[in-house]
Amino acid sequence: MATDRRQSEAQVALILGPDSSHLESLISHLMSSSNEERSQAESLFNLCKQTHPESLLMGLAHLLHSSPNPETRTMSAILLRRHLTRHHDAFLWPLLSPSARSTLHSLLLSSLHKEPLKSIAKKLCDTVSELAAAILPEDAAAWPDLLPLLFQWVTSPEARLQEISLLVFAQLAHYIGQTLLPQLSTLHSDLLPLMMQTLTEALNSGQEAVAQEALELLIELAGTEPRFLRRQIADVVGAMLQVAEAEALEEGTRHLAIEFVVTLAEARERAPGMMRKLPQFVRKLFGVLMNLLLDIEDDPAWHAAVDEDEDAGETSNYGFGQECLDRLSISLGGNTIVPVASELLPTFLAAPEWQKHHAALIALAQIAEGCSKVMIKNLEQVLSMILNSFHNPHPRVRWAAINAVGQLSTDLGPDLQVKFHHLVLPALAGAMDDFQNPRVQAHAASAVLNFTENCTPDILTPYLDGIVSKLLVLLQNGKQMVQEGALTALASVADSSQVQFQKYYDAVMPYLKAILVNANDKSNRMLRAKAMECISLVGMAVGKDKFREDAKQVMDVLMSLQQSQLDADDPTASYMLQAWARLCKCLGQDFLPYMGFVMPPLLQSAQLKPDVTITSADSDTEFDEDDDSIETITLGDKRIGIKTSVLEEKATACNMLCCYADELKEGFFPWIDQVAFTLVPLLKFYFHEEVRKAAVSAMPELLSSAKSAVEKGQSQGRDETYVKQLSDYIIPNLVEALHKEPEVEICASMLDALNECIQVSGPHLEEKQVRSIVDEIKQVLTASSSRKHERAERAKEEDFDAEERELLKEENELEEELFDQIGDCLGTLIKTFRASFLPFFEELSSYLTPMFGKDKTSEERRIAICIFDDVAEHCREAALKYYDSYLPFLLEACNDEYPDVRQAAVYGVGVCAEFGGSVFKPLVVEALSRLDAVIRHPNAQHSDNIMAYDNAVSALGKICQFHRDSINATQVVPAWLNCLPIKGDVIEAKVVHDQLCSMVERSDRELIGPNNQYLPKIVAVFAEILCAGNDLATEQTVSRMINLLRQLQQTLPPSTLASTWSSLQPQQQLALQSILSS
């Protein structure tokens, strides 16, 4: 061992010694293609870093400065960057002595000044920016000569130095905006005009490559620190739009100028609302983008296409114009875009050229997502523009009109479906008759799919005869593309009409089965896959009894297909995964015999390893950005390219596993272990959100399935300890994944899943697991409040406007969802562990009490109240010590302006009245007056307020029951009776009506009143409850009420009986007679 160590020390001494060739060769080995050589070099490099970090960095800086070998300089720049980046694990700056820091500063700047190769200079800019970003925010004087030197270069006659300084500024802007603020005026007066000047000169002298580089820099600046541009925004945007309109320039240059303006519009988080202050430019940009859409040719290949994806005739201008319209409308919103569109589009629609007509319809489809709220208000106008174009003589215009209807059905649904089904469905049915133009026919079928996805059976039913018969015609004699469209549309129509589809089943199913069996060529694999999808959706719609016979034949075909060798690119496999899962949903437990067959390939798909290419984020290998089959993400200093088809198959498979567990319950037991070991690691699968979401949803399903199997004796001899083992595997992993989850929406799903898991296996949790859940909840609350704080800061920006406020509201709604799930989770923990959870509750109280604040949202207040309600209800005596701190909040919230908050508060008052005993007694008077205000409110019975009203009545009843000696019972009890029956909150209704029953059984004096005064009211309340069946009272309460009424019949004097009876409404009299005589 000792000799090894001495040997390593000698090697390190050599590498870091005066002869730099040793370090140079170590660096070249770090890039070696031989694994062994590379890993040896890595361990030596790490050893140098651990033992002599300062000498290592100095050595790298000297190589960067003086090595003649470009590869050495490149690698030195990358390695230096890695070790001088604050958030990198290997940040070495704090370990350097002051003199080393100063030497490093000068070497970096000197190298930057003289580096001849552009690609290395760019990497050096990154290194310098990262180091500056790491040290300047804390101490603006930490690198005294950096900013002065950059300003000097900005004004240098040498274009190379100008560009370097601009590059560093663009990157620094993001990190050290605050540090640069004092220099802003210099930046505005020197930097921007210079950047624009560089751009103008390059364009005027025909050097478009230089101009494009200047534009790329400006785009980076617009994205990272748009506020630098604010003062001259009108000049800069104006200049960019001139470039965009200059037809003599290269397409690439014009696209970059447009990209700059769109990026500026998108920089919402840093400069909200800035672009909306420039409506004249928005109008001009919209015009430029509309003109790009005119760059389209009527290519015969488009008409002759065999599949819907053929886009012959569309140019890169056309594609870029489409993309930018979409982005612009999402970032600026409908109030800005719709007025501009309504001015421009009618002139395009009125023009004789088909291209203009086409462009207007494509633009409508592109802006729908971002402008949906405003477009919904003008839906009739928008729709008539589109539907008039269904009769245009040019097939590409008719296609674009259908395309717009499909897009609007998605973005403006379900409003569009509810209000205009009578216009849209007949128009689409007509378009399906266009046999001269299969492209138009197929697209009409696709639009039926979009329309019906957002549709309820009652809207669809009147049109089913017409639509189903048209689709059947297309299935029999269309081109394959048309048949595929018809299959997808039929599937969606069946899915949306559910049982209503039964009457078409016998006509449709034979065609579907024929396609499934006969479409065997390579050319019609997709047709077969779509037939599979359609059959399974039709089966689900019509139900097991109708589908059972055909299901067996279909599954036999699927089994034989699965056993045949399918090609890797055959879509059948992924469609089959989904079809099997739908068949299972339709057949339920009858599907179990097929599971042994279905599960192995499904698990294989769920376990697919992502097909990943990893490069350094600053390497020069570019992924093909336009390749749809590759998705790129940047993680730290790595750039990752992933094949999307693999990810999609994996996501589908994970979703299907979740479906099977949900559907088969205890029947899924034999596969739980394999599925758990497959899905639990995927809770942290950051390459694809859908995979994580599916894994999250499956967790509670797996636990439920295990618990149910153990309870029903179907667990192959395993007992409760199996459920505990599974729970011990799932819950800690779910908590850890929640800790690392970047997406708020998925955090909410994880909390939801965690809540369900605790409901299933709560009693199995150990204290340390509860501790980790509570710690994580604190973490989530802290993260959420810091996100809210950031948004509040954004609202203070000078250009902040109504559109931004709307967008902020949407982001905050996601946070509300998160709070909701936290409340549910804590509620479940309280119900499960009762008083033993209280130490945790005390820890959380510093997070909960602020949630009662008037500055918090109504949802936060409601959740904080619900958590206290749960504590009071489930911890009873042990919770009394918290009444002093929480009840004042509760009482005040009884009269909150939001009904949901009032409901939670009055419910809590009822709980405290029931369990609070002498602690609650001093508050009875205030509680009565608070409840009275809720009950007597003029709109108390309005649908928004009914739940709060019912719970207030219930709480009043509890005060009558548990604090009779503290109230004026002769007034309060009859007042309570007068509010009955309650009908909104059926859970509370059952409790209250049971209490009423008990009070009548013991002949409660104040309830029945002097001389049976209130008896008619009691009988009327009973009558109303009994007429509602079991909705407002439990079966037990109902039979007690009937017994009480029979007793009254026998014991009351006939005159009292007659007057009680005559006070009832005629139908109540009849109902009671039939109930009492049966």
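Here are three short exercises on helix packing and one loop residue in this predicted model.

**Exercise 1.** Work out how helices H14 and H16 are oriented to each other.

*Solution.* Start with the geometry: H14 (residues 279–293) and H16 (residues 316–332) pack at an angle of about 150°, and their axes are 7 Å apart. Angles over 145 degrees count as roughly antiparallel, so H14 and H16 are roughly antiparallel to each other. Next, look at the handedness: the crossing of H14 and H16 is left-handed. Now find the side that H14 offers, where Val 282, Leu 285 and Phe 286 are among the contacting residues; on H16, they include Tyr 318, Phe 320 and Leu 325. Sorted by class, this contact has 12 nonpolar, three polar and no charged residues.

**Exercise 2.** Describe the packing of H20 against H21 and the residues that meet there.

*Solution.* H20 spans residues 395–411 and H21 residues 415–431; they pack at about 150°, with axes 12 Å apart. H20 and H21 are therefore roughly antiparallel, and their crossing is left-handed. From H20, Ile 402, Val 405, Leu 408 and Ser 409 meet Leu 416, Gln 417, Val 424, Leu 428 and Ala 431 of H21. That contact counts seven nonpolar, two polar and no charged residues.

**Exercise 3.** Is Asp 434 buried or exposed, and which side chain does its own side chain join in a polar contact?

*Solution.* First, place the residue: Asp 434 lies in the loop between H21 and H22 (438–453). Its relative accessible area is 15%. Buried means under 20%, so Asp 434 is buried. Finally, check its partners: the side chains of Asp 434 and Arg 398 are joined by a polar contact of 2.9 Å. Beyond neighbours within four places in sequence, Asp 434 is in contact with Arg 398, Val 440 and Gln 441.

Terms used: Residues are numbered from 1 along each chain as its sequence is written. This is a predicted model: local features need pLDDT of at least 70, side-chain atom pairs count only at pLDDT 80 or more; totals for chains, interfaces and linings use all residues. Side-chain values use heavy atoms; hydrogens and water are left out. Axes are lines fitted to C-alpha atoms, for helices over the stretch in contact, and angles run from 0 to 180 degrees between N-to-C directions. Helices (H or I, at least four residues) and strands (E, at least two) are DSSP runs, numbered from the N terminus. Angles under 35 degrees count as roughly parallel, over 145 as roughly antiparallel, 65 to 115 as roughly perpendicular and the rest as oblique. A crossing is left-handed if the near helix is turned anticlockwise from the far one by less than a right angle, and right-handed if clockwise. Contact means heavy atoms within 4.5 Å. Ala, Val, Leu, Ile, Met, Phe, Trp, Tyr, Cys and Pro count as nonpolar, Asp, Glu, Lys and Arg as charged, and the others, Gly among them, as polar. Buried means under 20% relative accessible area, exposed over 50%, partly exposed in between (1.4 Å probe, protein chains only). A polar contact is a pair of N or O atoms within 3.5 Å; within protein, one must be able to donate a hydrogen and the other to accept it, and residues adjacent in sequence count only if both atoms are side-chain atoms.
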